[in-house]
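Q: Please take a close look at the largest pocket of this predicted model and at the surroundings of ligand 1. Which residues and elements form each of them?

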Amino acid sequence: MIHRTGSAQETERLGAELAAELEPGDVVLLSGDLGAGKTTFVRGAVQALGAETAISSPTFTIGQRYTISAGPVAEVSHLDLYRLRSLAHEDPDLLADYVGPDTIAFVEWPEVAERELAALADRVRRVTFTHRGRDLREIEFE
Ligand code: ADP
Ligand code: MG
(Lines give C-alpha, C1' and ligand atoms only; values in the text may rest on other atoms or scores of the structure.)
(Ligands and ions follow the chains in the order given, each with its own letter.)
Protein backbone atom coordinates (compact mmCIF):
# COMPACT_ATOMS: atom_id res chain seq x y z
CA MET A 1 0.00 0.00 0.00
CA ILE A 2 1.50 3.35 -1.06
CA HIS A 3 0.67 6.49 0.90
CA ARG A 4 1.54 10.07 -0.03
CA THR A 5 2.11 12.80 2.52
CA GLY A 6 2.55 16.53 2.01
CA SER A 7 3.89 17.56 5.41
CA ALA A 8 5.82 16.25 8.40
CA GLN A 9 2.58 16.26 10.42
CA GLU A 10 0.90 14.00 7.87
CA THR A 11 3.83 11.61 8.06
CA GLU A 12 3.58 11.59 11.87
CA ARG A 13 -0.10 10.75 11.54
CA LEU A 14 0.72 7.88 9.20
CA GLY A 15 3.21 6.61 11.79
CA ALA A 16 0.42 6.70 14.37
CA GLU A 17 -1.83 4.71 12.03
CA LEU A 18 0.74 1.97 11.65
CA ALA A 19 1.36 2.00 15.42
CA ALA A 20 -2.28 1.06 16.00
CA GLU A 21 -1.66 -2.23 14.15
CA LEU A 22 1.52 -3.19 15.99
CA GLU A 23 2.03 -5.76 18.73
CA PRO A 24 4.86 -6.68 21.07
CA GLY A 25 7.57 -8.57 19.17
CA ASP A 26 7.10 -6.50 16.02
CA VAL A 27 10.07 -4.89 14.32
CA VAL A 28 9.48 -2.12 11.78
CA LEU A 29 12.29 -1.64 9.25
CA LEU A 30 12.39 1.87 7.76
CA SER A 31 14.31 2.36 4.51
CA GLY A 32 14.90 5.47 2.45
CA ASP A 33 17.33 8.33 1.92
CA LEU A 34 18.41 10.92 4.45
CA GLY A 35 15.59 13.41 4.94
CA ALA A 36 12.94 11.09 3.50
CA GLY A 37 10.95 11.19 6.74
CA LYS A 38 11.87 8.02 8.65
CA THR A 39 12.51 9.72 12.00
CA THR A 40 9.40 11.89 11.57
CA PHE A 41 7.31 8.75 11.02
CA VAL A 42 8.83 7.04 14.07
CA ARG A 43 8.08 10.14 16.18
CA GLY A 44 4.38 9.85 15.33
CA ALA A 45 4.37 6.11 15.96
CA VAL A 46 6.22 6.25 19.29
CA GLN A 47 3.98 9.05 20.57
CA ALA A 48 0.89 7.09 19.55
CA LEU A 49 2.17 4.07 21.48
CA GLY A 50 2.24 6.21 24.62
CA ALA A 51 5.82 7.37 25.11
CA GLU A 52 5.93 10.43 27.32
CA THR A 53 9.30 11.80 26.26
CA ALA A 54 9.82 13.29 22.82
CA ILE A 55 11.96 11.18 20.57
CA SER A 56 15.31 12.39 19.34
CA SER A 57 17.65 10.68 16.92
CA PRO A 58 20.15 8.45 18.66
CA THR A 59 23.50 10.20 18.40
CA PHE A 60 26.04 8.44 20.59
CA THR A 61 24.42 5.03 20.71
CA ILE A 62 22.69 2.94 18.08
CA GLY A 63 19.37 3.24 19.82
CA GLN A 64 17.02 4.67 22.42
CA ARG A 65 14.50 2.84 24.55
CA TYR A 66 11.23 4.31 25.77
CA THR A 67 9.30 2.85 28.66
CA ILE A 68 5.55 3.04 28.23
CA SER A 69 3.44 3.24 31.37
CA ALA A 70 0.07 2.68 29.70
CA GLY A 71 -0.32 1.20 26.26
CA PRO A 72 -0.25 -1.94 24.17
CA VAL A 73 3.44 -2.58 24.90
CA ALA A 74 5.74 -1.87 27.86
CA GLU A 75 8.72 -0.79 25.85
CA VAL A 76 9.40 0.78 22.49
CA SER A 77 12.81 1.21 20.92
CA HIS A 78 14.18 3.30 18.10
CA LEU A 79 17.41 2.32 16.38
CA ASP A 80 19.42 4.12 13.73
CA LEU A 81 22.11 1.88 12.23
CA TYR A 82 23.40 4.51 9.77
CA ARG A 83 26.89 4.54 11.26
CA LEU A 84 27.12 0.80 11.67
CA ARG A 85 28.95 -0.62 8.65
CA SER A 86 28.83 -4.19 9.82
CA LEU A 87 27.91 -6.25 12.85
CA ALA A 88 31.16 -8.20 12.61
CA HIS A 89 32.95 -6.33 15.40
CA GLU A 90 29.92 -5.70 17.59
CA ASP A 91 28.78 -7.45 20.74
CA PRO A 92 26.43 -10.26 19.59
CA ASP A 93 23.84 -8.99 22.10
CA LEU A 94 23.88 -5.45 20.75
CA LEU A 95 20.50 -5.73 19.06
CA ALA A 96 18.94 -7.93 21.74
CA ASP A 97 18.97 -4.92 24.09
CA TYR A 98 16.44 -3.25 21.79
CA VAL A 99 14.51 -6.01 20.05
CA GLY A 100 12.57 -8.84 21.59
CA PRO A 101 9.15 -10.34 22.38
CA ASP A 102 8.13 -7.57 24.81
CA THR A 103 9.19 -4.66 22.65
CA ILE A 104 8.10 -2.87 19.51
CA ALA A 105 11.23 -1.73 17.65
CA PHE A 106 11.65 0.82 14.86
CA VAL A 107 14.89 0.53 12.90
CA GLU A 108 16.25 3.14 10.50
CA TRP A 109 18.99 1.98 8.06
CA PRO A 110 18.33 -1.68 8.91
CA GLU A 111 20.15 -3.17 5.91
CA VAL A 112 23.32 -4.06 7.81
CA ALA A 113 21.40 -6.15 10.35
CA GLU A 114 18.30 -7.42 8.57
CA ARG A 115 18.97 -11.09 9.18
CA GLU A 116 19.78 -10.60 12.86
CA LEU A 117 16.73 -8.38 13.37
CA ALA A 118 14.46 -10.91 11.68
CA ALA A 119 15.80 -13.62 13.97
CA LEU A 120 14.95 -11.58 17.09
CA ALA A 121 11.53 -10.42 15.90
CA ASP A 122 8.20 -12.24 16.01
CA ARG A 123 7.13 -10.28 12.94
CA VAL A 124 8.87 -7.85 10.59
CA ARG A 125 7.09 -4.93 8.92
CA ARG A 126 8.78 -2.89 6.18
CA VAL A 127 8.17 0.74 5.37
CA THR A 128 9.95 2.44 2.45
CA PHE A 129 10.26 6.22 2.10
CA THR A 130 10.83 8.11 -1.15
CA HIS A 131 11.40 11.85 -1.41
CA ARG A 132 9.22 13.26 -4.22
CA GLY A 133 10.35 16.88 -4.12
CA ARG A 134 9.60 19.69 -1.68
CA ASP A 135 7.42 18.33 1.11
CA LEU A 136 6.03 15.37 -0.79
CA ARG A 137 6.94 11.87 0.35
CA GLU A 138 5.83 8.46 -0.82
CA ILE A 139 5.61 5.95 2.00
CA GLU A 140 5.03 2.33 1.16
CA PHE A 141 3.79 -0.25 3.68
CA GLU A 142 4.74 -3.72 2.61
P1 ADP B 1 15.10 10.76 7.92
O2 ADP B 1 14.98 10.19 9.30
O3 ADP B 1 14.52 9.87 6.86
O4 ADP B 1 16.51 11.15 7.58
P5 ADP B 1 13.69 13.03 9.03
O6 ADP B 1 12.33 12.57 9.43
O7 ADP B 1 14.72 13.20 10.07
O8 ADP B 1 14.23 12.08 7.84
O9 ADP B 1 13.58 14.41 8.26
C10 ADP B 1 12.58 14.73 7.36
C11 ADP B 1 12.63 16.24 7.13
O12 ADP B 1 11.77 16.59 6.07
C13 ADP B 1 12.17 16.99 8.36
O14 ADP B 1 12.88 18.20 8.45
C15 ADP B 1 10.69 17.26 8.04
O16 ADP B 1 10.18 18.40 8.68
C17 ADP B 1 10.75 17.47 6.55
N18 ADP B 1 9.52 17.11 5.82
C19 ADP B 1 8.89 17.87 4.91
N20 ADP B 1 7.83 17.25 4.38
C21 ADP B 1 7.77 16.05 4.99
C22 ADP B 1 6.89 14.94 4.85
N23 ADP B 1 5.87 14.92 3.98
N24 ADP B 1 7.14 13.87 5.63
C25 ADP B 1 8.17 13.85 6.49
N26 ADP B 1 9.04 14.86 6.66
C27 ADP B 1 8.84 15.96 5.91
MG1 MG C 1 16.46 9.59 10.68
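A: The largest pocket holds about 160 Å³ of space. Its lining consists of 13 residues, and those closest to its centre are L34, G35, K38, T39 and E108. By class, this lining comprises four nonpolar, five polar and four charged residues. Helix α2 contributes the most to the lining, with three residues.

The shell around ligand 1 comes next. In this predicted model, 16 residues surround ligand 1, and the nearest of them are T11, G35, K38, T40 and D135. G35 and K38 are thus named among the residues that come nearest to ligand 1, and G35 and K38 are also named among those closest to the centre of the largest pocket. Sorted by class, the shell around ligand 1 has eight polar, five charged and three nonpolar residues. Two helices, α1 (8-19) and α2 (38-48), each provide at least two residues of this shell. Helix α2 gives the most, with three residues, just as α2 gives the most to the lining of the largest pocket, with three residues there.

Individual polar contacts add detail. In the side chain of T11, an N or O atom lies 2.6 Å from a nitrogen atom of ligand 1. For K38, a polar side-chain atom is 2.7 Å from an oxygen atom of ligand 1. At D135 the backbone takes part: one of its polar atoms is 2.7 Å from a nitrogen atom of ligand 1. Taken alone, ligand 1 exposes 570 Å², of which the protein buries 74%.

A further set of contacts joins side chains of the protein itself. Side chains of opposite charge can pair when their charged atoms come close. The structure contains seven salt bridges. One of them links the side chains of R4 and E138, with an N to O distance of 3.5 Å. Because R4 belongs to strand β1 (residues 2-5) and E138 to strand β7 (residues 137-141), this pair ties together parts that are 134 residues apart in sequence.

Notes. Residues numbered from 1 in each chain as written. Chains lettered and ligands numbered in written order. Predicted model: local features only at pLDDT ≥ 70, side-chain atom pairs only at ≥ 80, totals over all residues. Heavy atoms only, no water. Near = heavy atom within 4 Å. Polar contact = N/O pair within 3.5 Å; in protein donor to acceptor, adjacent residues only side chain to side chain. Areas by Shrake-Rupley, 256 points an atom, 1.4 Å probe, with all protein chains shown as cover. Helix = DSSP H or I, 4+ residues; strand = E, 2+ residues; numbered from the N terminus. Nonpolar A, V, L, I, M, F, W, Y, C, P; charged D, E, K, R; others polar. 1 Å grid on protein atoms, 1.4 Å probe; cavity = no way out; pocket = protein on both sides within 12 Å on 5 of 7 lines; lining within 4 Å. Points joined across faces, edges and corners; volume = space filled by probe spheres on them. Salt bridge = Lys/Arg side-chain N within 4 Å of Asp/Glu carboxyl O.
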